[in-house]
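Open the model in your viewer and keep the selection tool at hand. The stops below say what to select next and what is there.

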Amino acid sequence: MTDYEFVGEKLRQKIKGLFEIIPKQKHVFIDEVRCNGCENCYIFCPGGCFTMEDGIAKATHIEDFCQECGTCAKICPTNAITYKEPEGGTGIIRRFS
Ligand code: SF4
Ligand code: SF4
């Protein structure tokens, strides 16, 4: 498991409330058979949207934390991740304070 400080749950806690996603919908999918457990998505997702379970990535927090950057699909070495642009392209509302 990685030693990076802000990934997964820790990252989600840090960025919670900075943005809102409307509508909440899942648009990132993992083919678990293809996942080799490299942790790239888990480490580099800016929304902390992935968790690692038994060496396999799970897209567990897409609806609330995905920032629609598409990085996960690009950096997956086995093409296990499919990123579909959210319907309507409504995107993200960000809050800066
Ligand atoms: S599109 Fe970006 S923010 Fe959304 S799950 Fe993939 S890497 Fe994370
Ligand atoms: S980047 Fe791809 S292969 Fe690596 S853990 Fe994520 S889904 Fe699995």
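Select N79 to begin: this residue is found in the loop between α4 (71-75) and β5 (81-83). The model is a predicted one. Is N79 buried or exposed? With 10 other C-beta atoms within 10 Å, N79 is exposed; a residue counts as exposed when that number is 12 or fewer. Now read the backbone angle phi of N79, which is near 55°, a positive value in a residue other than glycine. Most residues other than glycine have a negative phi.

Next, select D54. Its place is in the loop between β3 and β4. Phi of D54 is also positive, near 55°, and D54 is not a glycine. D54 counts as exposed because it has 6 C-beta neighbours inside 10 Å.

Widen the selection to the two strands beside D54. Which way do they run relative to each other, parallel or antiparallel? Strand β3 (residues 50-53) and strand β4 (residues 56-59) run antiparallel and are joined by four bridges. Together β3 and β4 form a hairpin with two residues between them, and D54 lies in the turn. Show the side chains and look across the pair: E53 stands opposite I56 in β4, and M52 stands opposite A57 in β4.

Stay on β4 and turn the strand to compare its faces. Which residues are on the covered face? A57 and A59 are on the covered face of β4, while I56 and K58 are on the uncovered one. In a regular strand the side chains alternate between the two faces of the sheet.

From β4, move to the largest nonpolar core, which has 18 residues. Select V28, C41, C49, F50 and I81, the members that touch the most other members. Several elements each supply at least two residues of this core: β2 (28-30), α2 (40-44), β4 and α3 (62-65).

Now keep C49 alone. Which residues does C49 touch, leaving aside those up to four places away in sequence? They are V28, A59, H61, I62, F65 and C66. A59 was met before, on the covered face of β4.

C66 leads to the next stop, ligand 1. This ligand has 14 residues around it, and those that come nearest are C45, G47, C66, C69 and C72. Colour the shell by residue type: nine residues are nonpolar, four are polar and one is charged.

Then select ligand 2. Which residues come nearest to ligand 2? Of the 14 residues around ligand 2, these are C35, C38, N40, C41 and C76. C41 is a residue from the core stop, where it was among the members with the most contacts to other members. The shell around ligand 2 divides into nine nonpolar, four polar and one charged residue.

Finally, clear the selection and show the whole chain as a cartoon. How many helices and strands does the protein chain have? The count is four helices and six strands. From the N terminus on, their order is α-β-β-α-β-β-α-α-β-β. The radius of gyration of the protein chain is 13 Å, close to the 13 Å that the globule rule gives for 97 residues, so the chain is as compact as a globular protein of that length. Along its principal axes the C-alpha trace spans about 35 × 30 × 20 Å. Buried residues make up 24% of the 97 residues. Of the contacts with a separation of 6 or more, 68% are between residues 24 or more positions apart.

Definitions and conventions
Residues are numbered from 1 along each chain as its sequence is written. Chains are lettered from A and ligands numbered from 1 in the order in which they are written. This is a predicted model: local features need pLDDT of at least 70, side-chain atom pairs count only at pLDDT 80 or more; totals for chains, interfaces and linings use all residues. A residue is near a molecule or strand if its C-beta atom, placed from the backbone, lies within 6 Å of it. Ala, Val, Leu, Ile, Met, Phe, Trp, Tyr, Cys and Pro count as nonpolar, Asp, Glu, Lys and Arg as charged, and the others, Gly among them, as polar. The radius of gyration is taken over C-alpha atoms; the globule rule is 2.2 Å times the number of residues to the power 0.38. A residue is buried if 20 or more other C-beta atoms lie within 10 Å of its own, exposed if 12 or fewer, and partly exposed in between; C-beta atoms are placed from the backbone. Two residues are in contact if their C-beta atoms, placed from the backbone, lie within 7 Å. Two strands pair if DSSP finds at least two bridges between them. A nonpolar core is a set of buried Ala, Val, Leu, Ile, Met, Phe, Trp, Tyr and Cys residues joined through C-beta atoms within 7 Å.
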